[in-house]
Every structure is written in C-alpha cells, then in structure tokens.
Amino acid sequence: MSKLVIVESPAKAKNIKGYLGKGYDVVASMGHVRDLPAARLSVDIANDFEPKYAVIKGKENFVKDLKKKADASDYVYLATDPDREGEAISWHLATLLGLDMNEKNRVTFNEITKNGVKSGMAEPRAIDIDFVNAQQARRILDRLIGYKLSPFISQKIRRGLSAGRVQSVALRLVVDREEEIRAFKPEEYWSIDAKFTNPPERKTFSAALYSKDGEKIKVTNKEQSDKILSDLEGAEYVVTDVKKGTRKKNPTPPFTTSTLQQEASRRLSFQARRTMKAAQELYEGVDAGSLGTVGLITYMRTDSLRISDEARNAGNKYIADTYGEKYLPKKPRYYKSKSNIQDGHEAIRPTMPNVTPDEIKAYLSSDQYKIYKLIWERFIASLMESCMQETMKIEITAKDYVFNATGYTVKFDGFTVLYEEKGDEEKRDDASPLPPMKQGDVLKLKSILGNQHFTQPPARYTEASLTKALEENGVGRPSTYVTITSTILNREYVKREGKQFVPTELGEAVTKLLEERLPNIVDVKYTSKMETDLDKIDSGEKDYKEMIRRYYDEFEEPLEKAKADMQGVKIKLTEEETDVVCEKCGRNMVVKVGRFGKFLACPGYPECKNTKPLVFKTKAKCPECGGDVIEKKTKKGTSFYGCSNYPDCKFMTWDLPSEEVCPKCGKSLFRRKGNVLYCPDTEGCGFTKPVPRSKKTEE
C-alpha cells in the first residue's frame, strides 16, 4: 500500500521519510497552503463571520500536485506541527484534498526521532475541530481588528501604519514603561559601609549600617552620613549576635518557549528569532554522526512544563551515572504548568538526555550547539537535587549603631554543579562566606565610608523582559512572541538602544490615539480575558462564532464613534530634519513617509514641492568609478548597495560595505557571507581577510 504523509518543512520530511522507509511518500506543505487573502477583508460579517479562504498565491501548482499524489495514495496522513496552527493546516489540507474529517488521519510528533515518529504513526486520530476553531477565531479576530483599525490610524497619523489585537498591547507596555521612567524622580540616599577582619583571621568582610537605638536607620544626605561617621570615630566593634541556618535552593523547570527565549537573550544575547531558528533546526533533525539524522529536542512551541516518564527515567539515569545517586532527589520533582496552557505536548527537552552537548558539538552549528547546551543543561538540572546552603548573619554593635553582615557557604551543590538560571539583574550581596565568628568577638575596623546613591527608575523592556511581561499577563501565545516583538520594531513603533526597547514618537502617538478612542484594544486585562476565552474554544466550552460576534461588537461601536468624532482631524508628528539642502529654496529637507517608504521632501510645501529619494550613504567608495556607495532597497525591503552615479556606473553588490580599505590597492573592502572582508578588484588584487567574531557580530 502507498501512504502519503504531509508535514510542514522539507527538513522534517526528509528525516521522517528515513524513519518510515518504503511504502511512504513524505512531502512538505511549506507551512500554510490556504489563508484569508490579504487584498480584501475575506470575512463575510453579514454571514455570521464566514471566512473566505483561498489557496495562497504561488502555491496553486503545489496543491494540484498534492491532489494527484493524494488520489494515487491508499492513505493520507496529516502530520503537521502539534499545535493549533498545525491542526488548522491539517484541516485546510483535508478540505483541499477532499478527505473525510471523521477519518483518523491526523498524526503528531512531539519529537523527530525513530521512536517519536513510530509512536505518532501508531496513534492516528481525527482532526480536532475545536483546536481548528480556536485557531480560526484568532485568525478571524486578528483580521477584523487589523483590517478595520489599521486604515483608521493610518488616516489619522500617517500612511502605512498597523494596529492589532496583541501588538498594540505590547506597544502600550513599552510606552507605559517609558512614561514611568520620565515621571520618575530620583531620591538621594546614603549607605554606611564598613570592612572588618576578625583577628587572627586575615580575611576581610563587609558589613552595612542597619539601625540605631533599635530602629532601622535611613540616611538621606551627606550631612547625616558625616554625622554618623563622626559619631563612630574611635568606636569598638563587637559581634553581638550570630545566627546560623540552612536554606534550600531549588532548580528552575525545563524550558517553555517563553523562558527559552528569555534565557537565550540573557546568556547568549540572542534575539528571539535567532533562538527559535536554532531550536526549529534541532527539532526537525540534524545529522549527528553515528546517531544518524535525528531531532535533538522536543517541539519548541509549548507553554507546558510536563515531561514524560521515559524522559525523566533517562535523565535520572544520566545523573546517577555521572554525578552519583546523591544528586537525585528522594522524591521526583514535578513542575506545575499554568492553568491556561495547552498541555498537548511536553516542555522543551532533549530527546536523548544521555547525549551531552559536547558529544555532538562537532555536528552542530555554533547557534545550534549553544541552544542545545542551554536546553540540555536546564532539563538535566531540573531533575537534580536541590542546592543546600549554610547561611550566617552577623550583628555588629558600635555605640548605639548596629551593622549587619550576611554570607553563605555551599553545603551541597546539587543542581548548581551543572546549571543556574541567569536573572535579569544579578544581586549576590551575600555570596561570600564569612570568617568564623562568635558572640563577643571584637573586630578590627579596616575602613568605613559613606557612599552616595540615588534610587533608579524601572528598567526599559528588552525583548526578553517584554516577552516575560506578555506571558505573565496572559497576552499572546508561544507561537506569537517573536512576531509581536518583530512587528513593533519593523513598524518603527519602538527602536532598539542596545538591548532596550525605546518607543518612538510614532509609537507613542499610536498608543495615545488607541488609549483615548479604543481603550479595549490596548487594555492588558481585556486582551488577557480574550485569550482565555479563545483557549476555552479548544476544549469545546465556547462557540467560536459566538465569541467572534461578541468581541467584534465591542470593537466596532467605539471604532465607528472614533471615526465620526475625528472626521477631518490629523495628528501631526515632528518631522525629522536632515542636512540635505533643497536646491530650489534653500531649506533643510525633511524625511517623509509615503506609499513606497521614506523619501526627502521640502518643508516649504505647498510653495515648494521638491522631493527626492532618501539615500543612505555608506563610507565606502565605488571600486569602478570612485563614487559614493549608497544603500538601496528592493521592492520587498531587502538592502543592496550600488554606486550613486547610476545609471552611468552600474556597480551593484549584496555584500555589506565596510569602512576599511584594501592594504594592497586602497579600494574599499566589502563583507561577504562567512564573515570575510574582500577587495572587489578580484582580477588585479584579490585581497581577503577574516573578520574576528564579536558579540555585536553575533547579534
């Protein structure tokens, strides 16, 4: 019998074909094959929000070929990804191929290994229509809101803008944080910090002033600090209390999509898209030498913390064999997932816990290795015994003043022998062990200083902390975090300063307009409730059409009112002035945004209507005529570089111009793939040199 298996990606198709062998034809759909056409609303509001799907442009021939293959096969299996999007793709495929929706032809693979694929094929089921409807509800609501709202804000602010069900909430979080920072008023405070030894011990340790006359002291200015230092001149410092204790530090759970993106950002400075690209490759399968081509991690879009008993047992065996039985907890540790999650598959974990990162490093790209190492260490550590610490708190009295010193020593390292989560802000004031001390010991003062500090405003969001905030507020889902942050960056609603997200004037204007006119769209709690209701469609608790109707009604009424109230109103943004002088009237030209992107225009319009293309000049010179090399854009927005003397000079390259010049011939060097600088005069010169990798290059 011939059997057709349809997956989403070619890499996965190739690997699954290897596991299934003869009798199976495995093809890739390359993602969605049918969707709501972008050229129109594609939702019939009057007909109970009936979606008008069509085959995606460019995939018509693929669908024809797929129908032929399906007709020639004895059985068709739909093996798209194990989440809502995957379920919807399977449903669209079944519709196009005329498959029976009640037939058990849907299979899912939590991992692309021989066992994972064979287990999935052994348990086919019918398409889960509730899952499909949950995806349809999201897609239809997103289309209705985006399609109706984007023209409104474009008309009121500037052409080409967009707003959406989730992106607008993410933008508001960034804008609100910036407003908090602006409103913040720093307060001065001082700390009194001393260093001591406890003779005959030579080790120096630190202590900070805590109280006076039994009350916690707050030092707010230099005069107060100087008074305290003056009071303490010649004082004797005596240990008046020693408290010892133990504390347990537990490992963090294995990764979900959100926590993987956050930790990769903190540890590796990876943007979320880069993290997910490497994770996708590890899931779909890599050639791992003697192991063959195999998926090294489970499905990477998940918010579940569940792990299978098989994986737990394999991880426990590795821990016992490598570190010893004492590194295994007496009772297995189970992590509780949030209540509103999809628990259809596991947390992100290695498919073969006994395969260490170093064993397969030679077969992985740099990014694949770093992400696999992160996932593997986090998973193994999550199964290990807790770290036990002995703590010590010392109270030191001098006259009426009391100083505190804290520290700890590690009694048993437990999971920390392998891995510890990196926090957004590491605070390890008590990280150093204290020397032996007992009540009554007289300490030797080495130094005492008053140090000025100021309270700090809340930190701006980074991609990692914004993802965390969205997850904590129940906004967005694992499959959408990358898209959300990318959208607000690409729309120039926020910009990056280092790792931080800073709202632009445009982003603030969009948020202010929505807050005033359509507050539900940027309300975190409202959007979170909508997500919860959408999740209830999964389980069949809510009817998806009824839910769309309700939320659309709540959206349409204020939108129509806003349109009526703001008829003829245009929100003016500050125009970016350049140093390019208008040759017609002498004014400095400004940057405008039109239908085809940014351009230069004279601010004297309508008296002066001069415009010209916005040119980004690089520091490189054309190797053919010596003119300036400028950045240009394709219709799809991809950058390429050419000579400013075009069409007289037709020099063009996709490679990035550099500031360096060739040491042989003096021409500008360009950077090509593989991080190599080269001289474009290949016939007369041919100079090349590798570029050392840096964190900036990595990013």
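# A guided tour of the predicted model

Begin by selecting strand 25 (residues 639-643), which is mostly covered, since 4 of its 5 residues are buried; buried means under 20% relative accessible area, exposed means over 50%, and partly exposed lies in between, with a 1.4 Å probe and protein chains only. Strands here are DSSP runs of E with at least two residues, helices are runs of H or I with at least four, and both are numbered from the N terminus. Before going further, note that this is a predicted model, in which local features need pLDDT of at least 70 and side-chain atom pairs count only at pLDDT 80 or more, while totals for chains, interfaces and linings use all residues. Residues are numbered from 1 along each chain as its sequence is written, and side-chain values use heavy atoms, with hydrogens and water left out.

**Around strand 25**

Keep strand 25 selected and add strand 24 (residues 628-633), which runs antiparallel to strand 25 and is joined to it by 5 bridges; two strands count as paired if DSSP finds at least two bridges between them. Within this pairing, K632 stands opposite F640 of strand 25. Now add strand 26 (residues 652-653), which pairs with strand 25 in the antiparallel sense over 2 bridges, and look for G642, which stands opposite M652 in strand 26.

**The open sheet**

Next, select strands 27, 28, 29 and 30, which form an open sheet in that order with antiparallel pairing. Its edge strands are strand 27 (656-661) and strand 30 (688-690), each of which pairs on one side only. From one strand to the next the twist averages 30°, where axes are lines fitted to C-alpha atoms, for helices over the stretch in contact, and angles run from 0 to 180 degrees between N-to-C directions. Inside the sheet, strand 28 (residues 668-672) pairs with strand 29 (residues 676-678) in the antiparallel sense over 3 bridges, and the bridge partner of R671 in strand 29 is L677.

**L4, in strand 1**

Move to L4, which is found in strand 1 (residues 3-7) and counts as buried because its relative accessibility is 0%. Leaving aside residues up to four places away in sequence, L4 touches D25, V27, L66, K69, A70, S73, Y75, V76 and Y77, a contact being heavy atoms within 4.5 Å. For a sense of scale, L4 and K617 are 613 residues apart in sequence and 53 Å apart in space, C-alpha to C-alpha.

**Aromatic rings**

The structure holds 16 aromatic pairs; rings of Phe, Tyr and Trp (its six-membered ring) pair if their centres lie within 6.5 Å, and planes under 30 degrees apart count as stacked, over 60 as edge-to-face and the rest as tilted. Select Y323 and Y327, a tilted pair with 5.6 Å centre to centre and 45° between the planes. Y323 is partly exposed at 23% relative accessibility, whereas Y327 is buried, with a relative accessible area of 9%. Adding F412 shows another tilted pair, as the ring centres of Y327 and F412 are 4.8 Å apart and their planes stand at 45°. Y327 lies in the loop between helix 10 (309-323) and helix 11 (357-360), and F412 in strand 15 (residues 401-412), so the pair ties together parts that are 85 residues apart in sequence. Elsewhere, F196, F205, Y237 and F403 form one aromatic cluster.

Two arginines also deserve a selection, counting a charge as over a ring if NZ of Lys or CZ of Arg is within 6 Å of the ring centre and within 35 degrees of the ring normal. The charged end of R177 sits over the ring of Y461, 4.2 Å from its centre, and R247 lies over the face of Y408, at 4.9 Å from the ring centre.

**Salt bridges**

The last stop concerns salt bridges, of which the structure holds 46, each being a side-chain nitrogen of Lys or Arg within 4 Å of a carboxyl oxygen of Asp or Glu. Select R139 and D35, whose closest N and O atoms are 3.0 Å apart; R139 lies in helix 5 (residues 129-156) and D35 in strand 3 (residues 34-35), so the pair ties together parts that are 104 residues apart in sequence. Then select E178 and R460, with their closest N and O atoms 2.8 Å apart, where E178 is buried at 6% relative accessibility and R460 is partly exposed at 22%.
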